[in-house]
Amino acid sequence: MNAGAHPAHHLKFSRLMSPSPTYQETGDLIARSLRRSWEPDPALELPPPECLARALPEFARGGGTMLLYHRLRAAPAHAPDLLERLRGQYRIELLNARRRERCLAETVQLLRDHGVEPLLIKGWAVARLYPDAALRPYGDLDLCVADSNYDRAYEVLRGRENPVAPVELHAASGAQGDLRYASLFERSDTVTLHGVEIRIPSEEEHLRLMALHLLGHGAWRPMWLCDLGVAVEHRSAGFDWDRCLHGNRRLSHWVLTALALAGDLLGARLNDTPAAG
C-alpha cells in the first residue's frame, strides 16, 4: 500500500485484484481515477497502482486511458511504473491528435471549395476544451451537411486519398434526440483551426446534443461524462440555459440527469446550473 493511502481507500479497491471484480467495483475505480481529470493539474487521490494497472483494458474501452495518464502525470510518485508505461502511448496520441486536427481543417476546406458547408459535432469540437490535445482521442469526424449537398459531399469525401480520419457524414434532416442538425446550423459558431474556420454548434445546443448522445448510447463510455464536465465548466458567461433546455421536457430532464451524473461521479461543478442538487 502506498505510504499516503488511506486504509479504507485501499480496502475499497483491493477486491479489484481478485480474478473477477464486479462491474460496480470496476466502475467505482474508473470514476475515482477520472474525477476532475479535465483540469490542467488534477491533483486528487488516486486508487492503488496495482488496481489501476489491472483496469487498463477498461480504461482503453471507455476512452479514458490518456485522462488516466494525465492524472498520473500530476502525481508522478503515485505509480511511476504505470506512468512510464503510458508515456509512450501518450506521445503517439499527441502526434495522432495533431494529425487529426490537420485532417479536419483540410477536409472542411475541401468541402467548402466544392460548395458544401459542413458542421462539426463532437470530436474536436469538445476535445479543444481539454488542456491537452491528446487527452480526448476521437476516431472519425462527425460532419453534418445540408440534405441538398449530401450526395456531393459524399463524392468529394470518397475521393480523399489515405485520410487520417474517416468522416461520418450526417444529413441535416437527421437528429440527435429532439435536435435537428439543420437547426444547429442556424445558431452555430465558428472557431479557427490551422487557418480554417470550423463551424460547430452553439455551446448550449452542443451540450444538449452531447448529453442526449451519451444517454442514447447507454453512457457506456466514461469519456463522454468527462466531455459534459469540461463543457459545462468551460461555458461562457452568457451561456443560455433556457436554450440548452428548450425542447421536449422529458429529454430536457435527461440532459439534467446526465449533468448530475457528471457531477456525482466525476466531480463536475454544477453549483450554478439547473442540475445542482
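Visitor: Where does Asp41 lie, in a helix or in a loop?
Guide: Happy to start there, with the note that this is a predicted model, in which local features need pLDDT of at least 70, side-chain atom pairs count only at pLDDT 80 or more, and totals for chains, interfaces and linings use all residues. Residues are numbered from 1 along each chain as its sequence is written, and side-chain values use heavy atoms, leaving out hydrogens and water. Helices (H or I, at least four residues) and strands (E, at least two) are DSSP runs, numbered from the N terminus. On that numbering, Asp41 lies in the loop between α2 and α3 (49-54).

Visitor: Is Asp41 buried or exposed?
Guide: Buried means under 20% relative accessible area, exposed over 50%, and partly exposed in between (1.4 Å probe, protein chains only). Asp41 has 51% relative accessibility, so this residue counts as exposed.

Visitor: What distance separates the C-alpha atoms of Asp41 and Arg73?
Guide: Along the chain, Asp41 and Arg73 are 32 residues apart. In space, their C-alpha atoms are separated by 8.7 Å.

Visitor: Which residues does Ser33 touch, leaving out those up to four places away in sequence?
Guide: Ser33 belongs to helix α2 (residues 23-34), and its relative accessibility is 0%, so Ser33 counts as buried. A contact means heavy atoms within 4.5 Å. With sequence neighbours up to four places away not counted, Ser33 touches Leu46, Pro47, Leu52, Phe59, Leu68 and Arg71.

Visitor: How many disulfides are there?
Guide: A disulfide is a pair of cysteine sulfur atoms within 2.5 Å. Cys51, buried at a relative accessible area of 1%, has its closest cysteine sulfur in Cys226, 19 Å away, which is too far for a bond. For Cys103, buried at 6% relative accessibility, the closest cysteine sulfur is in Cys144, 17 Å away, again too far for a bond. By this rule, the count of disulfides is zero.

Visitor: What is the radius of gyration of the chain?
Guide: The chain has 13 helices and seven strands. The globule rule (2.2 Å times the number of residues to the power 0.38, with the radius taken over C-alpha atoms) gives 19 Å for 277 residues. The chain comes close to that value, so it is as compact as a globular protein of that length, with a radius of gyration of 20 Å.

Visitor: What share of the residues counts as buried?
Guide: The chain has 277 residues in total. By the accessibility cut-off given above, the share that counts as buried is 49%.
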